[in-house]
Amino acid sequence: MAVDLLLGLQWGDEGKGKIVDVLTQDYDIIARFQGGPNAGHTLEFDGIKHVLHTIPSGIFHENAVNVVGNGVVIDPVIFQKELDALKKFNLDIKSKLFISRKAHLILPTHRLLDAASEASKGKAKIGSTLKGIGPTYMDKTGRNGMRIGDLELSDWKEKYRSLANKHEAMISFYDVDIQYDLAELEADFFKAVDELKQLTFIDSEEYLYQAQKAGKKILAEGAQGSLLDIDFGTYPFVTSSNTTAAGACTGLGVAPNQIGDVKGIFKAYTTRVGSGPFPTELFDEDGETMGRVGNEFGATTGRPRRCGWLDLVALKYAVRVNGVTELMMMKGDVLSGFKKLKVCTAYNYKGEQIEHFPFNIEAENVTPVYSEMDGWKEDLTKMTSADQLPKALNEYIDFLEKELEVPIKIVSVGPDRTQTILR
Ligand code: GDP
Ligand code: IMO
Ligand code: MG
């Protein structure tokens, strides 16, 4: 049985949590393969809104097992808070949620290092979520990291101490004023580790291999988006993992020839939270309307998200890098009421018109070339089938499908599970 992927194609927050929750009814296993608590995945059903950070978005379904794969980085303190928030749902966490022994641990000092690094950058800061993601992946690739499986060994506290001591020296290297009480942070960390150790740790690549052999259906849930990918994103304003399709292979131990459908998800417009280039960003009333109607505030940090028109140059790039086989368009409802809609179809790049995503997309190099389309005024949020969608929205969708050469299979018209239209 092939493993399907669900990936964000923009700068994150496309609505992955909602769609994974909707799709889980068709899957036996939902597996996260990269990122950590920098992610904020929102699900809504029965009038309840829930934000998940590290736990996969299939957790509310009885039929599915949720796996946190080796490519993920885990902060025990945040993980515990997520579990606490789930308590009222009476889920059988021990048998529904498995954690890879090879996943890396975020230490309190990783978070401090993230803060020190950002503070030292001044205006050039990345706008990190300050969850310690960069420093943890640096320790992973530098071969110094601590993994979940280490917690099962008797000497894990010695390993912890030696790494934390090194981090403290590194923090003092940055010439910035970071106030912290390590003893307090460590007390929280050790308590959370004790609770984490009550959960089920597995060799997740072996588990997923056997599950595939047994014919189980597996969906890999991406975090962040393709334009935040460490290799293909807008470096250095990116996260520290491979958010693209290849990351699912290394982050779960699934072979490339075992990948099935690649589901790519995008908003009908574009948002970005944090720093970095964003060619179609709006600084006018239209951008303000998208932010207000779309309630565009970060699910992890609460920061307002920057908003702009859909960027087809960037979206085509993401479709190609990931090998997307089907698309899902989110938040079309937010665009209701715009008289005209713009879609960026090319860049003016250093005096030349180009249609590919270049090395450098800073505002001084790129101005977007737009196609203009008619908007629609109908409220989409109560619509339940494709034949109810307004003509202008269908024209928008047809235009995107033609440009992207991939079918749009789902149109989402609101945050709730039920506000999902299949085409
Ligand atoms: P993720 O990180 O990709 O899971 O996305 P986030 O949860 O960070 O952000 C998406 C936001 O949009 C959440 O607040 C969702 O509840 C909301 N949302 C998802 N789909 C739709 C939609 O079709 N319409 C509207 N209005 N909101 C949506
Ligand atoms: P989900 O999974 C949107 C952004 C941060 C910052 C940059 C680096 O909810 O889509 P990091 O903390 O990784 O060092 O931050 O990446 N970022 C996200 N933006 N959605 C996310 O996740 C993000 N995770 C990180 O704002 O610009
Ligand atoms: Mg999010």
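Visitor: Which residue of S10 stands opposite Ile29?

Guide: Ile29 stands opposite Ile218 in S10. Keep in mind that this is a predicted model. The pair belongs to a longer ladder: strand S2 (residues 29-32) and strand S10 (residues 218-221) are joined by four bridges. Two strands count as paired if at least two bridges are found between them, and S2 and S10 run parallel.

Visitor: How many strands form the sheet that holds S2 and S10, and in what order?

Guide: Ten strands form it, in the order S9-S7-S5-S2-S10-S1-S11-S15-S19-S20. The sheet is open and its pairing is mixed.

Visitor: Why is one side of S9 and of S20 left without a neighbour in the sheet?

Guide: Strand S9 (200-202) and strand S20 (420-422) stand at the edges with a single partner strand each, so one side of each has no neighbour in the sheet.

Visitor: By how many degrees are neighbouring strands of this sheet turned against each other?

Guide: The average is 25°, with direction ignored.

Visitor: What lies across the strands?

Guide: Helix H9 (residues 245-252) lies across strand S1 (3-8), S2, S10 and strand S11 (259-267). The angle between H9 and S1 is about 125°. Angles run from 0 to 180 degrees between N-to-C directions.

Visitor: What is there to read in the loop between S10 and H9?

Guide: Pro236 is found in that loop. The peptide bond from Tyr235 to Pro236 is cis, and its omega is near 5°.

Visitor: Do strands S3 and S4 pair in the parallel or the antiparallel sense?

Guide: Strand S3 (residues 41-45) and strand S4 (residues 48-52) are antiparallel, with five bridges between them. In this pairing His41 has Leu52 in S4 as its bridge partner. S3 and S4 form a hairpin with two residues between them. Asp46 sits in the turn, and its phi is positive, about 50°, although Asp46 is not a glycine.

Visitor: Now the ligands. How many residues surround ligand 2, and which are the closest?

Guide: The number is 20, and the closest are Asp13, Lys16, His41, Thr129 and Thr239. His41 is thus a residue to look up twice: it is listed here, and it is paired with Leu52 in the hairpin. By class, the shell has seven nonpolar, ten polar and three charged residues.

Visitor: Which polar atoms lie 2.6 Å from an oxygen atom of ligand 2?

Guide: A polar contact is a pair of N or O atoms within 3.5 Å. A polar side-chain atom of Thr129 is 2.6 Å from an oxygen atom of ligand 2, and a polar side-chain atom of Thr239 is also 2.6 Å from an oxygen atom of ligand 2. The backbone takes part as well: a polar backbone atom of Ile126 is 3.4 Å from an oxygen atom of ligand 2. Ligand 2 taken alone exposes 550 Å², and the protein buries 97% of that.

Visitor: Which residues are the closest to ligand 1?

Guide: Among the 20 residues around ligand 1, the closest are Gly15, Lys16, Thr42, Asp333 and Ser412. Lys16 is named here and in the list for ligand 2. As for polar contacts, a backbone N or O atom of Gly40 lies 2.8 Å from an oxygen atom of ligand 1. Arg305 places a polar side-chain atom 3.1 Å from an oxygen atom of ligand 1, and Gly414 has a polar backbone atom 3.1 Å from an oxygen atom of ligand 1.

Visitor: How much of the area of ligand 1 does the protein bury?

Guide: Taken alone, ligand 1 exposes 580 Å², of which the protein buries 94%.

Conventions
Residues numbered from 1 in each chain as written. Chains lettered and ligands numbered in written order. Predicted model: local features only at pLDDT ≥ 70, side-chain atom pairs only at ≥ 80, totals over all residues. Heavy atoms only, no water. Near = heavy atom within 4 Å. Polar contact = N/O pair within 3.5 Å; in protein donor to acceptor, adjacent residues only side chain to side chain. Areas by Shrake-Rupley, 256 points an atom, 1.4 Å probe, with all protein chains shown as cover. Nonpolar A, V, L, I, M, F, W, Y, C, P; charged D, E, K, R; others polar. Contact = heavy atoms within 4.5 Å.
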